[in-house]
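User: Could you walk me through this structure with a few questions and answers? I would like the cut-offs spelled out along the way.

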Amino acid sequence: MSFEPRSIVNGALLKRHSGQSVSIHLFVERADKDGRSFTGKSTDEMPIQVMLSDPLNSLLHGWVEVIGMAGSNDSVRCKEIITYQAIDGEQDFDTNGHNMLCNFLANCRDMYRMG
């Protein structure tokens with residue numbers, strides 16, 4: 001797991017962070033045949049292209065967290081992918097709650113600053 005500072009974003013906020021380290025949750029829709037990229041829908045329903053430095057060695061499905069560098073055109077250069085296991089055969093993700101978190105964090109830049 002990566003521990004470098006990064007912004008938690010959704011699709012709408014991704015463009016604001018071009019060239020910066022981000023974390024974005026995506027629902028995987030399709031992978032390219034060469035395994036070096038895939039497309040997913042963000043929690044706010046925006047299509048996001050993910051470019052990988054190494055090809056996928058297994059099939060991705062459902063919700064994943066992509067950590068990487070935000071591109072300028074609804075894309076992310078991936079450093080790490082975190083997959084989630086389904087509970088009781090279902091893989092629910094609170095997209096509305098996640099979008100509220102993203103907007104809250106985007107509007108509260110100095111939340112932890114004292115004084």
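Analyst: Happy to! Accessible areas here come from the Shrake-Rupley method with a 1.4 Å probe, and for residues only the protein chains shown count as cover. This is a predicted model, in which local features need pLDDT of at least 70 and side-chain atom pairs count only at pLDDT 80 or more, while totals for chains, interfaces and linings use all residues. Residues are numbered from 1 along each chain as its sequence is written, and side-chain values use heavy atoms, with hydrogens and water left out.

User: What share of the accessible surface belongs to carbon and sulfur atoms?

Analyst: The accessible surface of the protein comes to about 7300 Å². Of this, the part belonging to carbon and sulfur atoms is 51%.

User: In what order do the helices and strands run from the N terminus?

Analyst: Helices (H or I, at least four residues) and strands (E, at least two) are DSSP runs, numbered from the N terminus. The protein has two helices and six strands. Their order is β-α-β-β-β-β-β-α.

User: Which element gives the most residues to the largest nonpolar core?

Analyst: A nonpolar core is a set of buried Ala, Val, Leu, Ile, Met, Phe, Trp, Tyr and Cys residues joined through side-chain atoms within 4.5 Å; buried means under 20% relative accessible area, exposed over 50%, and partly exposed in between (1.4 Å probe, protein chains only). The largest one has 19 residues, and Leu-14, Ile-24 and Phe-38 are among those with the most contacts inside it. H1, S2, S4, S5, S6 and helix H2 (95-107) each supply at least two residues of this core. With four residues, the element that gives the most is S2.

User: Which residues does Leu-14 contact, leaving aside its neighbours within four places in sequence?

Analyst: Contact means heavy atoms within 4.5 Å. By that rule, Leu-14 is in contact with Val-9, Val-22, Ile-48, Ala-70, Asp-74, Ser-75 and Val-76.

User: How many residues apart are the salt-bridge partners Lys-15 and Asp-74?

Analyst: A salt bridge is a side-chain nitrogen of Lys or Arg within 4 Å of a carboxyl oxygen of Asp or Glu, and two are counted here. Lys-15 and Asp-74 form one of them, at 3.8 Å from N to O. Lys-15 sits in the loop between helix H1 (11-14) and strand S2 (21-31), and Asp-74 in the loop between S5 and S6, so that the pair links distant parts of the chain. The two are apart by 59 residues.

User: And which residue is the salt-bridge partner of Arg-30?

Analyst: Arg-30 is partly exposed at 49% relative accessibility. The closest N and O atoms of its salt bridge are 3.1 Å apart, and the partner is Asp-32.

User: Is Glu-45 buried or exposed?

Analyst: Glu-45 is found in the loop between strand S3 (37-42) and strand S4 (47-52). Although not a glycine, Glu-45 has a positive phi of about 70 degrees. With 57% relative accessibility, this residue counts as exposed.

User: How are the rings of Phe-27 and Trp-63 arranged?

Analyst: Rings of Phe, Tyr and Trp (its six-membered ring) pair if their centres lie within 6.5 Å; planes under 30 degrees apart count as stacked, over 60 as edge-to-face and the rest as tilted. Phe-27 is in strand S2 and Trp-63 in strand S5, 36 residues apart. Their centres are 5.5 Å apart and their planes at 70 degrees, so the pair is edge-to-face.

User: Which residues do the ring pairs link into a cluster?

Analyst: The whole structure holds two aromatic pairs. The cluster they link consists of Phe-27, Trp-63 and Phe-93.
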